[in-house]
Amino acid sequence: MTETLKRTALFDTHKKLGAKTVPFGGGDMPAWYTSVKDEHAAVRNAAGLFDVTHMGVLEASGPNACAFLDAVSSNDVSKLAVGRSQYGYFFDDEANVIDDIMIYRLARRQYMVVVNASNNDKVWAWLNDANGSRSPACNLRDLRAASSGDDCRVDIALQGPKSLEILQTLNPQLSNLS
């Protein structure tokens, strides 16, 4: 039996540009264009753009979102300022790691949580179960789902020492960041 590999939202673009793809985490993922060595050097010396559209993107919102995320994650979400993010973990009731996560505070009562693609379905089910067992609950949405409409989200990552400089040339409003 052959497993059907998932493809990222940018898969066709990668293939058109000559990417070499490999099976990874249930997906047919772009791995490199030229060579691993050349691309590693480019990211270490300048910047590289990475397709992470396969990652899970979830939203917790409402007056109880912060308390909920504090209860199910490893960090103190209440200390997170709007516009900032933190790395952490989701734990089950026995303190076993479910997944490592990034939490972004988008607004006073709105958070975006990025989870690993291979754990997305498991995390989504677990979060909904944990949320349903709490009163009052928060609002949860899967931002990769078509039902999210204009709020639908996928991620790309720009990494490397020249990343901020590159972003600032694309958006002058970011020029005050350092």
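**Surface patch, core and charged network of a predicted chain**

Leu 10, Leu 49 and Ile 156 together form a nonpolar patch on the surface, with about 290 Å² of accessible area between them. Patches of this kind are made of residues with over 30% relative accessible area and no salt bridge, nonpolar side chains (Val, Leu, Ile, Met, Phe, Trp, Tyr) being joined within 5 Å and like charges within 9 Å. Accessible areas come from the Shrake-Rupley method with a 1.4 Å probe, and for residues only the protein chains shown count as cover. The structure is a predicted model, in which local features need pLDDT of at least 70 and side-chain atom pairs count only at pLDDT 80 or more, whereas totals for chains, interfaces and linings use all residues. Residues are numbered from 1 along each chain as its sequence is written, and side-chain values use heavy atoms, with hydrogens and water left out.

Within the patch, Leu 49 belongs to strand E3, which covers residues 48-51. The relative accessible area of Leu 49 is 60%, and the residue is therefore exposed, given that exposed means over 50%, buried under 20% and partly exposed in between (1.4 Å probe, protein chains only).

The chain as a whole contains five helices and nine strands, these being DSSP runs numbered from the N terminus (helices: H or I, at least four residues; strands: E, at least two). Read along the sequence, they follow the pattern α-β-β-α-β-β-α-β-β-β-α-β-β-α. The C-alpha trace spans about 55 × 50 × 35 Å along its principal axes, and the accessible surface of the chain comes to about 11200 Å², of which 52% belongs to carbon and sulfur atoms. Of the 178 residues in the chain, 32% are buried. Among contacts (heavy atoms within 4.5 Å) with a separation of 6 or more, 50% are between residues that stand 24 or more positions apart.

In the interior, the largest nonpolar core has 22 residues, and those with the most contacts inside it are Phe 68, Leu 69, Val 72, Phe 90, Ile 103, Val 113 and Leu 127. At least two residues of this core come from each of strand E4 (56-61), helix H3 (65-72), strand E6 (97-107), strand E7 (110-115) and helix H4 (120-132), and H3 gives the most, with five residues. A nonpolar core is here a set of buried Ala, Val, Leu, Ile, Met, Phe, Trp, Tyr and Cys residues joined through side-chain atoms within 4.5 Å. When its neighbours within four places in sequence are left aside, Val 72 is in contact with Tyr 89, Phe 90, Phe 91, Trp 126, Leu 127, Ala 130 and Arg 134.

A search of the whole structure finds two salt bridges, each being a side-chain nitrogen of Lys or Arg within 4 Å of a carboxyl oxygen of Asp or Glu. In one of them the side chains of Glu 59 and Arg 141 meet at 2.9 Å, N to O. This pair links distant parts of the chain, with Glu 59 in strand E4 and Arg 141 in strand E8 (residues 139-142), 82 residues apart. Glu 59 is buried, at 6% relative accessibility, whereas Arg 141 counts as partly exposed at 28%. Arg 141 also forms a salt bridge with Asp 151, the closest N and O atoms again being 2.9 Å apart. Asp 151 lies 10 residues from Arg 141, in the loop between E8 and strand E9 (156-159), and is partly exposed at 35% relative accessibility. Through shared partners, these salt bridges join Glu 59, Arg 141 and Asp 151 into one network.

A disulfide is a covalent bond between the sulfur atoms of two cysteines. When a disulfide is taken as a pair of cysteine sulfur atoms within 2.5 Å, the count comes to zero. The sulfur of Cys 66 is 10 Å from the closest cysteine sulfur, in Cys 138, and is therefore too far away for a bond. For Cys 152 the closest cysteine sulfur is likewise in Cys 138, at 19 Å, which is also too far for a bond. Cys 66 is buried, with a relative accessible area of 18%, while Cys 152 is partly exposed at 33%.

A backbone feature remains to be described. Most residues other than glycine have a negative phi. In Ala 95, however, phi is near 70 degrees, a positive value in a residue other than glycine. Ala 95 is placed in the loop between strand E5 (85-91) and E6 and counts as exposed, at 55% relative accessibility.
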